Amino acid sequence: MLDFLVQSVMTDGVVTFQSFVISSVTAIILGIIVALTFTVRGKATSSFTFALALMPLAVQVVIMIVNNNIGTGIAVAGAFNLVRFRSAPGSAKEIAAIFIAMGIGLACGAGFVWVAAMLCVIACLLTLLYSVLRFGEPRKAVRVLKIFIPESLDYTDIFADIFGEYTQSAEMVQVRTANMGSLYKLSYHIVMKDSRKEKEMLDKIRCRNGNLDVSLGRVEDTQEVL
């Protein structure tokens, strides 16, 4: 009954003007939908949004050009490899969006526009649902705490009692010297018991480290890479 959903718009694998127009228009529309979906509830640069919207069309045209031509397919694969090694690594979410856009382009290039449309709808709905439910996000936000202390202090357990009072967990992730070796810079990943007591905790840390610099912020998104 639903066989038409997986039927190709190309007859016997031959690319016609009509099939090219249908596949191209579908790829453009679905690319815009995917780009808007992956940027509506998250941070994204204009260049990434632009590339995500055009990727299904680009992949679709490439697949139609190859069209069972082995030599052309090898040349295209080599070109894609060159582009890959000149690209900066992205976050896991961006890589997932790129794979979905490529899947839509592959389906459109093979003429299966309904498959591409179903993939787009399912992926976009799941993306919005996961964003609303905050799927995969920790219940408590992990914060980055950076503390400067004089080199004369032993940093091993210097703030253990303060962390025990104000945090659920505190993990030292980095230690490095600063100011020509006269200071230590300690970096922690912490989870607060009560975010309303951040200032109280920072004040106690400042009293212990001689009122040197203390900063508390969010974990950078650049760490979320594959």
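Which residues have the most contacts inside the largest nonpolar core? In this predicted model, local features require pLDDT of at least 70 and side-chain atom pairs count only at pLDDT 80 or more, whereas totals for chains, interfaces and linings use all residues. Residues are numbered from 1 along each chain as its sequence is written, and side-chain values use heavy atoms, with hydrogens and water left out.

The largest nonpolar core (buried Ala, Val, Leu, Ile, Met, Phe, Trp, Tyr and Cys residues joined through side-chain atoms within 4.5 Å) has 18 residues, and those with the most contacts inside it are Val 34, Phe 38, Leu 52, Ile 104, Ala 116 and Cys 120. Two or more residues each come from H1, helix H2 (46-66), H4 and H5; helices are DSSP runs of H or I with at least four residues, numbered from the N terminus. H4 gives the largest share, six residues. Leaving aside residues up to four places away in sequence, Val 34 touches Leu 52, Ile 104, Cys 120 and Cys 124 (contact: heavy atoms within 4.5 Å). A second, separate core of 14 residues includes Ile 149, Phe 163, Leu 186 and Ile 205.

Within helix H5 (residues 113-133), the buried residues (under 20% relative accessible area, 1.4 Å probe, protein chains only) are Val 113, Ala 116, Cys 120, Ala 123, Cys 124 and Thr 127. These lie on the same side of H5, because they cover an arc of only 100° around the axis, taken from the directions from the helix axis to the C-beta atoms. Their cover includes helix H1 (17-40) and helix H4 (92-109). Leu 125, Val 132 and Leu 133, exposed (over 50%), are carried on the face of H5 turned away from its buried side. Arg 134, which follows H5, has a positive phi near 55°.
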